[in-house]
Amino acid sequence: MADGLAANGFGLHLGTSTLRHFKRMPFGSNRKGQRFGLVSVLHDGWRGAYGSSGRPWRRLKAEFGVIGYERAYEDTWGPDTGHHLHWHTLWVTAEPLDTDGQAAFRRAIATAWADGVRNAGGYEVSQTCDRPDCSCGGEGHGTDLRSLNSGEEGETARYLYKDGDKGTAKIGLELSRQDLKDGRRAGRLGPWQLGDAAAEELAASGGVPGPFTTAYRERERGIFGVRKQYRTQGLNALVKALEIVQDERTEDEITDESGGLQPILVIPSGTWYRHIARVPGRRLDLVKVAELSGVGGVRLLIESWGLRWGVDVFDPPTETEPTTEAGDDETEPPVNPLLELPAARTFAEHIHRARRRQLATAN
């Protein structure tokens with residue numbers, strides 16, 4: 001889309017809008033009747049700054065020829081600074097802006113954002129900076145805006161989707177740029193990194209939640225209803241009018257991660273909710289064993305919980321077996337060695353026995 005718009009003479013600008021935040025501030029929620037915290041200020045601030053019926057939006061359209069925008073939501077978390085929520089936005093203007101026009105545009109959207117956040121009950125947004133040679137040029141760090149009309153519009157605009165140059169991203173990459181940014185080094189974690197840290201914390205503490213788990217659960221509740229991507233109707237109409245090729249997949253197709261995977265068991269809902277979902281640690285153990293040892297390890301784990309294969313859980317359905325013709329080899333396939341092991345008492349023992357058997361086979 002960015003390449004197509006640039007080729008047709010439109011101006012492109014990549015912006016970031018952030019909130020001032022502190023460790024004690026909650027992630028919050030946008031749920032009906034429960035609006036509070038950072039996520040509420042982020043959305044209400046945007047609506048006040050750039051809502052389609054507001055005066056700031058009409059001014060931006062009239063003064064700078066703003067056609068629309070595509071906006072992406074992002075959040076990270078750090079143990080020292082708490083939740084950091086912000087927007088990345090691809091702004092589209094009727095034509096590229098010169099240096100003075102770009103500076104004026106940045107100042108206008110920064111002022112609108114600061115006013116919107118203030119009216120939404122947030123802390124004052126940074127609009128000035130006295131650090132020598134700072135990249136903000138003294139304009140503060142609440143809003144950043146950079147022109148993309150440099151011949152690499154599409155490549156730069158990929159930042160909005162966080163998938164680098166790896167083609168179409170799965171939902172995990174769209175949520176957190178896990179492949180491009182190691183948040184641990186900078187002391188900040190993306191959503192999946194925070195989830196990994198929470199899982200490790202629970203495993204190490206025997207299920208007692210600590211700061212990582214608390215932060216992840218807070219985000220998990222607060223992210224409900226938040227849109228990762230949003231494109232204005234005006235921009236969408238322009239893209240269609242220019243016949244720029246777009247991804248026409250449905251939401252289900254975009255988020256489908258089943259390609260190349262094979263089912264290994266069927267768990268009825270009654271079994272799932274009574275014996276797995278409501279027992280702390282069992283869902284995570286099930287995933288780990290499946291990844292490490294496949295169906296054999298999963299069967300051992302299931303049976304160690306007192307469940308019966310073929311009664312409480314089942315093999316996945318298979319295609320009808322062809323009728324055996326005369327002369328065909330009717331030899332039974334070898335049994336997975338892991339299935340011959342007695343039911344282990346713990347997940348650690350499952351892994352220990354499986355590795356011992358593998359080593360013995362290799363030797």
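At what angle do the axes of α3 and helix α4 (residues 99-119) cross? In this predicted model, the two axes come within 11 Å and cross at roughly 175°. Angles over 145 degrees count as roughly antiparallel, and α3 and α4 are therefore roughly antiparallel to each other. On the α3 side, the contact is made by Pro56, Leu60 and Phe64. The residues that meet them from α4 are Gly101, Ala104, Phe105, Ala108, Ile109 and Ala112. By class, this contact of α3 with α4 holds eight nonpolar residues and one polar residue, with no charged residues.

Helix α3 (residues 55-64) also packs against helix α2 (residues 37-50), and here the axes come within 5 Å and cross at roughly 55°. That angle makes α2 oblique to α3. From α2, the residues Gly48, Ala49 and Tyr50 take part, and they meet Pro56, Trp57 and Leu60 of α3. The residues of this contact divide into five nonpolar and one polar, again with no charged residue. Pro56 and Leu60 of α3 thus appear in the contact with α2 and in the contact with α4.

Attention now turns to a pocket elsewhere in the chain. Rolling a probe the size of a water molecule over the atoms shows where empty space is left. The second largest pocket contains about 1,100 Å³ of space. It is lined by 25 residues, of which Gly195, Ala198, Ala199, Leu202 and Leu284 are the closest to its centre. Three elements give two or more residues each to this lining: α8 (191-205), α9 (211-222) and α13 (282-304). The largest share comes from α8, which supplies eight residues. In contrast to the helix contacts described above, which have no charged residues, the lining of the second largest pocket includes nine charged residues, together with eleven nonpolar and five polar ones.

The confidence of the prediction should be kept in view when these features are read. Across the chain, pLDDT averages 79, and 74% of the residues score at least 70. Confidence is highest in α2, at a mean of 96, whereas helix α6 (residues 171-176) has the lowest, at a mean of 34. Two stretches have pLDDT under 50 throughout. One covers residues 163-185, for which the model has 48 contacts beyond four places in sequence. The other covers residues 320-348, with 26 such contacts in the model.

Key
Residues numbered from 1 in each chain as written. Predicted model: local features only at pLDDT ≥ 70, side-chain atom pairs only at ≥ 80, totals over all residues. Heavy atoms only, no water. Axes fitted to C-alpha atoms, helices over the stretch in contact; angles between N-to-C directions. Helix = DSSP H or I, 4+ residues; strand = E, 2+ residues; numbered from the N terminus. Parallel < 35°, antiparallel > 145°, perpendicular 65-115°, else oblique. Contact = heavy atoms within 4.5 Å. Nonpolar A, V, L, I, M, F, W, Y, C, P; charged D, E, K, R; others polar. 1 Å grid on protein atoms, 1.4 Å probe; cavity = no way out; pocket = protein on both sides within 12 Å on 5 of 7 lines; lining within 4 Å. Points joined across faces, edges and corners; volume = space filled by probe spheres on them. pLDDT = per-residue confidence, 0-100.
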